[in-house]
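Colleague: I have some questions about the terms used for this model. Please take them one by one.

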Amino acid sequence: SQHNAKESGSEIRFAASVGHYGSCSIHPAPHVFILPFLRQDIDRPVLLLMAQNDAETPMDRCFPLVEEMKAEGKPVEWYIYKDATHAWDQPESSGYTFINGFGKTVAYTFNRETTLDATRRTLEFLGRFK
């Protein structure tokens, strides 16, 4: 977003971006600062690829925000992988688990089909904005 670019102090911006296991903010534990990634002032295309079973970066932080942004004509798209978890494209991490700041178990499961589809969607999306 324009706000995030200003906050980072950079005049260089991406033409488009893709978030794998996309989350719209970081909120690691109750009463901990929320860092918003996706803001209302976006003016560059964004694709969020989210996993329905992602307990590390839950997609619920993106809704209804992305739906409202889309209705306002903002360049945001998303896709939800129904059987995927965080780190779906990391075979070396498959089976890793930990308890997050909310007391929920986070589990990583490699998913080859999701990885291939996410790669395809990423390349197609970014290819539209060369």
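Modeller: Helices (H or I, at least four residues) and strands (E, at least two) are DSSP runs, numbered from the N terminus. By that rule the protein has 3 helices and 7 strands. Their order from the N terminus is α-β-β-β-β-α-β-β-β-α.

Colleague: What should I know about the source?

Modeller: This is a predicted model: local features need pLDDT of at least 70, side-chain atom pairs count only at pLDDT 80 or more, and totals for chains, interfaces and linings use all residues. Residues are numbered from 1 along each chain as its sequence is written, and side-chain values use heavy atoms, with hydrogens and water left out.

Colleague: How do you know that the radius of gyration agrees with a compact globule?

Modeller: The radius is taken over C-alpha atoms, and the globule rule is 2.2 Å times the number of residues to the power 0.38. For 130 residues that gives a value near 14 Å; the protein has 15 Å, so the two agree.

Colleague: What makes the span of helix 3 close to the expected one?

Modeller: The expected span is 1.5 Å times one less than the number of residues. Helix 3 (residues 112-127) has 16 residues, and 22 Å is expected. From first C-alpha to last, helix 3 reaches 22 Å.

Colleague: Which residues of helix 3 are called buried?

Modeller: Buried means under 20% relative accessible area (1.4 Å probe, protein chains only). Thr114, Thr115, Asp117, Ala118, Thr122 and Phe125 meet that in helix 3. Their cover includes strand 1 (17-20), strand 4 (46-51) and strand 5 (76-81). Across the protein, buried residues make up 36% of the 130.

Technical notes:
Buried < 20%, exposed > 50% of the residue type's maximum accessible area, 1.4 Å probe, protein only. Contact = heavy atoms within 4.5 Å.
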